[in-house]
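Here is a protein model to explore together. Please take a moment to turn it around on your screen before reading on.

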Amino acid sequence: MNEGKIFESNFRKSVPSDIFYLRLKDSATSFGQDSVATRFTLRNPYDILMFNGINLFCFELKSTSGTSFSIQFDKKDTSKMIKKHQIDGLTDAQKYNKVTAGFVFDFRNSKTWFMSIDKFNSFLSRTTKKSINEKDVIDNGGIVIEKTKKIKNYKYDVNKLLWALSERE
């Protein structure tokens, strides 16, 4: 299993049982399938939906062993880590009352952060950079997600994050 999928699995296992959790299915092309062989390609607006009884959370999970996440500005440039349709999907979700949307950025060699799509878009509007790094996340209001290392995997304090985000409304 690749490191990104391990991160997603660890994140999922960290969600308390009383929180509704839905992982949107990836299309075949997400698993390295030949896009010529697939007739339609589903492009999910984000990875997961969670509901804590108060708010709906729409998160796109990103993980890297590097120092930054590249951002897609041109639809034809599919090599970027953060896709234009993900930015658009999160931005659309955030428009609704009691919906919190954003990115969960896992810098594997450092910390894991939540950054709301509003703060991400604000960052994009003020920069000419083609990527976002950990310092950018910190400087633009990212919220650290506490994590503890087990023997091999991590456990994330998802409950604390969701309640902190709920209280900000």
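Is F114 buried or exposed? F114 is buried, with a relative accessible area of 1%. Keep in mind while reading that this is a predicted model.

## Paired rings

Let us stay with F114 and look at its partner. A pair of aromatic rings is described by the distance of the centres and the angle of the planes. The structure holds eleven aromatic pairs. In one of them, F59 and F114 sit 5.1 Å apart, centre to centre, with 45 degrees between their planes, and this pair is tilted. The pair links distant parts of the chain: F59 belongs to strand β3 (residues 56-64) and F114 to strand β6 (residues 112-116), 55 residues apart. Like its partner, F59 is buried, with a relative accessible area of 0%.

Now for another pair of rings, F103 and F120. Their centres are 4.8 Å apart and their planes meet at 55 degrees, so this pair is tilted. F103 is found in strand β5 (residues 99-107) and F120 in helix α3 (residues 117-125), so the pair ties together parts that are 17 residues apart in sequence. F103 counts as buried at 0% relative accessibility, and F120 counts as buried at 0% too. Both F103 and F120 also belong to a cluster, in which ring pairs link them with F69, F105 and F107.

## A glycine among neighbours

Where does G102 lie? G102 lies in strand β5, and G102 is buried, with a relative accessible area of 0%.

Which residues does G102 touch, leaving aside its neighbours within four places in sequence? G102 is in contact with C58, F59, E60, L90, F114, M115, S116 and I117. You have already met two residues of that list, F59 and F114, as partners in a tilted aromatic pair. There is also a distance to try on your screen: from C-alpha to C-alpha, G102 and Q86 are 9.5 Å apart in space, while 16 residues separate them in sequence.

## Charges over rings

A ring can also have a charged residue over its face, and here are two examples to find. K130 lies over the face of F73, at 5.2 Å from the ring centre. K147 lies over the face of Y154, at 4.6 Å from the ring centre.

## Salt bridges

How many salt bridges does the structure hold? The structure holds eleven. One of them joins the side chains of D88 and K84, at 3.0 Å from N to O. D88 and K84 are four residues apart in helix α2 (residues 84-94), so about one helical turn separates them. D88 counts as partly exposed at 37% relative accessibility, and K84 counts as partly exposed at 29%. Another salt bridge brings together the side chains of D92 and K95, at 3.6 Å from N to O. Here D92 is partly exposed, with a relative accessible area of 35%, whereas K95 is exposed, with 64%.

The side chains of K160 and E146 meet in a salt bridge as well, at 2.6 Å from N to O. This pair links distant parts of the chain: K160 is in helix α5 and E146 is in the loop between β8 (143-145) and β9 (147-149), 14 residues apart. K160 counts as partly exposed at 45% relative accessibility, and E146 is partly exposed, with a relative accessible area of 42%. Elsewhere, salt bridges that share partners join K5, E8, R23 and D47 into one network.

## One face of a helix

Let us return to the helix of K160. Which residues of helix α5 (residues 158-167) are buried? They are V158, L161, L162, L165 and S166. Seen down the axis of α5, these buried residues fall within an arc of 130 degrees, so they line one face of the helix. K160, in helix α5 too, counts as partly exposed at 45% relative accessibility.

## An unusual backbone angle

Most residues other than glycine have a negative phi. Which residue has a positive phi although it is not a glycine? K98 does, with a phi of about 65 degrees. K98 has its place in the loop between α2 and β5, and K98 is partly exposed, with a relative accessible area of 36%.

Note on methods
Residues numbered from 1 in each chain as written. Predicted model: local features only at pLDDT ≥ 70, side-chain atom pairs only at ≥ 80, totals over all residues. Heavy atoms only, no water. Buried < 20%, exposed > 50% of the residue type's maximum accessible area, 1.4 Å probe, protein only. Helix = DSSP H or I, 4+ residues; strand = E, 2+ residues; numbered from the N terminus. Arc of directions from axis to C-beta. Phe/Tyr/Trp six-rings, centres within 6.5 Å; stacked < 30°, edge-to-face > 60°. Lys NZ or Arg CZ within 6 Å of the ring centre and 35° of its normal. Salt bridge = Lys/Arg side-chain N within 4 Å of Asp/Glu carboxyl O. Contact = heavy atoms within 4.5 Å.
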